[in-house]
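Please look through the sequence and the structure shown here before reading on, and keep both in view as you follow the text.

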Amino acid sequence: MALLRAVNVGGNNLLPMKELPGLCEQAGCKRVRTYIQSGNLIFESAASKAPKLGMAIAKAIEARFGFCPAVIVRTADELAAIIRGNPFVADGAPEKDLYVAFLRDLPDAASVAALDPDRSPGDTFHVIGREIYVRCPNGVGSTKLTNAWFDRGLATVSTGRNWRTICKLWEMAQG
């Protein structure tokens, strides 16, 4: 699975989803499928290629469309672990409140510890590995737990997806 950050948002970084599978195939992916317009890809590839696929996909997009989005890749096993590991699901939180920010790099423990848990009153988060599980009862549109804030605090790049999209991507990966 690959997740592209900030494509087709607000009229910026326009990327026709119908062209994306071909670009991904050039980068080494097979059976590429997209989900909605925000840069979600399911594909097959050798596990050994996974660490380099994000950059290969980003470079293919840059060559064709002139911008280089952050592309974060997770394997099917990693996606399954992300779904199983969501602490908010275990607590019974409503699906509509849940988001996951996928990090490009593993943050160091000191950076994680330095994040302010009270930055956005009512919202909560847990950083577990390369994912940030976020619960926003008042909606993601009003939270101060933004990609930019996490990126600065953890010195990496993130892209977020709502829980419904994550579960749909898992479903697609099974078929």
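The paragraphs below turn to a pair of helices and then to a pocket.

This is a predicted model, and a good place to begin is with helix α3, residues 76-84, and helix α7, residues 163-174, whose axes come within 10 Å and cross at roughly 140°. Because angles over 145 degrees count as roughly antiparallel, and this crossing is at roughly 140°, α3 is described as oblique to α7. The crossing in which α3 passes α7 is left-handed.

Which residues in α3 and α7 meet? On the side of α3 they are Ala-76, Leu-79, Ala-80, Ile-82 and Ile-83, and these meet Trp-163, Ile-166, Leu-169 and Trp-170 in α7. The contact of α3 with α7 is made up of nine nonpolar residues, with no polar and no charged ones.

We can now move from the helices to the largest pocket, which has a volume of about 450 Å³. Its lining consists of 22 residues, and the closest to the centre of the pocket are Val-140, Asn-147, Thr-159, Gly-160 and Arg-161. Two or more residues of this lining come from each of the elements β5 (98-103), α6 (147-154) and β8 (158-162), and β8 gives the most, with four residues. By character, the residues that line the largest pocket divide into 12 nonpolar, eight polar and two charged.

Note on methods. Residues numbered from 1 in each chain as written. Predicted model: local features only at pLDDT ≥ 70, side-chain atom pairs only at ≥ 80, totals over all residues. Heavy atoms only, no water. Axes fitted to C-alpha atoms, helices over the stretch in contact; angles between N-to-C directions. Parallel < 35°, antiparallel > 145°, perpendicular 65-115°, else oblique. Left-handed = near helix turned anticlockwise from the far one by under 90°. Contact = heavy atoms within 4.5 Å. Nonpolar A, V, L, I, M, F, W, Y, C, P; charged D, E, K, R; others polar. 1 Å grid on protein atoms, 1.4 Å probe; cavity = no way out; pocket = protein on both sides within 12 Å on 5 of 7 lines; lining within 4 Å. Points joined across faces, edges and corners; volume = space filled by probe spheres on them.
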